[in-house]
Amino acid sequence: MRLFWLTAAIAVAAHLPTRSALAAQDVAARLEGRAPATVVRAVQTIAQDAAARGLPVEPLIQKTLEGSAKGVPPERVVAAVRLLAARLDEARTALQGAGIATPGPEALEGGAYALSAGLSADQVRDLGRVSRPLYDPALTLHIAATLTALGVPAPRGVQLLRHMIQAGRTPNDLLDLPGEVQASMARGASAAEAVEALDIGDGGLGHQGHQGEEGREREHPHRP
């Protein structure tokens with residue numbers, strides 16, 4: 001009797017959709033009529049593989065919708081989705097190396113965004129190591145990526161965030177950093193100079209002002 005029920009259970013399980021199969025079905029439903037059929041089929045396969053490896057599928061769907069809405073050629077959309085899946089996987093490896101055993105979907109997406117912006121896997125790992133409560137790695141990684149997109153060298157952006165966290169600055173303070181860099185750049189500073197002025201570690205000047213080459217002091221926007 002026990003063997004009968006075991007055999008029956010195996011037979012039922014064999015007909016149940018797997019997680020990856022459900023992901024592929026969801027992708028097809030979400031993309032139907034919103035992306036070319038060739039793209040839908042290719043992204044289904046990519047998403048199925050990603051789901052089987054425990055990676056989030058939603059960013060892949062959004063990347064597909066974004067590219068298709070902009071009229072990007074199908075082959076380029078598929079290539080971008082495939083690259084994003086690879087970066088999600090790379091971000092997971094980096095964050096696990098930082099001691100985060102099971103990075104959440106938002107952290108993985110933040111890591112992939114950071115990698116796409118120009119951070120290295122080592123830099124993603126380093127930010128993951130210092131991003132402990134109250135600091136969400138998804139937040140710090142997105143901020144680092146935004147700073148890099150503004151022209152801040154990736155190592156300096158990561159260093160700035162690390163110093164801010166070590167100094168106990170709030171998550172809201174971190175969120176202000178890209179805007180403060182942009183404000184400094186609007187006043188004529190380079191991205192690197194703006195970050196140098198905001199840095200509060202390793203001899204950074206923080207809020208104390210910076211004596212320029214011409215000898216005039218610049219005020220910095222970061223609030224105490």
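What follows is a short dialogue on reading a few features of this predicted model.

Colleague: What should I know about the numbering and the cut-offs?

Modeller: Residues are numbered from 1 along each chain as its sequence is written. The model is predicted, so local features need pLDDT of at least 70 and side-chain atom pairs pLDDT 80 or more, while totals for chains, interfaces and linings use all residues; side-chain values use heavy atoms, without hydrogens and water.

Colleague: How many helices and strands are in the chain?

Modeller: Those are DSSP runs, numbered from the N terminus: helices are H or I with at least four residues, strands E with at least two. Here you get 11 helices and 2 strands.

Colleague: Which residues touch the most other members of the largest nonpolar core?

Modeller: In soluble globular proteins, nonpolar side chains tend to be buried together. A nonpolar core is a set of buried Ala, Val, Leu, Ile, Met, Phe, Trp, Tyr and Cys residues joined through side-chain atoms within 4.5 Å, and buried means under 20% relative accessible area (1.4 Å probe, protein chains only). This one has 53 residues, with Leu60, Leu119, Val124 and Leu174 touching the most other members. Helix α5 (residues 74-97) gives the most, 9 residues.

Colleague: What is leucine 60 in contact with, beyond four places in sequence?

Modeller: Contact means heavy atoms within 4.5 Å. Leucine 60 has Ile46, Ala47, Ala50, Val81, Leu84, Ala85 and Leu88 as such partners.

Colleague: Is the peptide bond from proline 133 to leucine 134 cis or trans?

Modeller: Most peptide bonds are trans. This one is cis, with omega near 10 degrees, and leucine 134 sits in the loop between α7 (121-130) and α8 (137-149).

Key
Buried means under 20% relative accessible area, exposed over 50%, partly exposed in between (1.4 Å probe, protein chains only).
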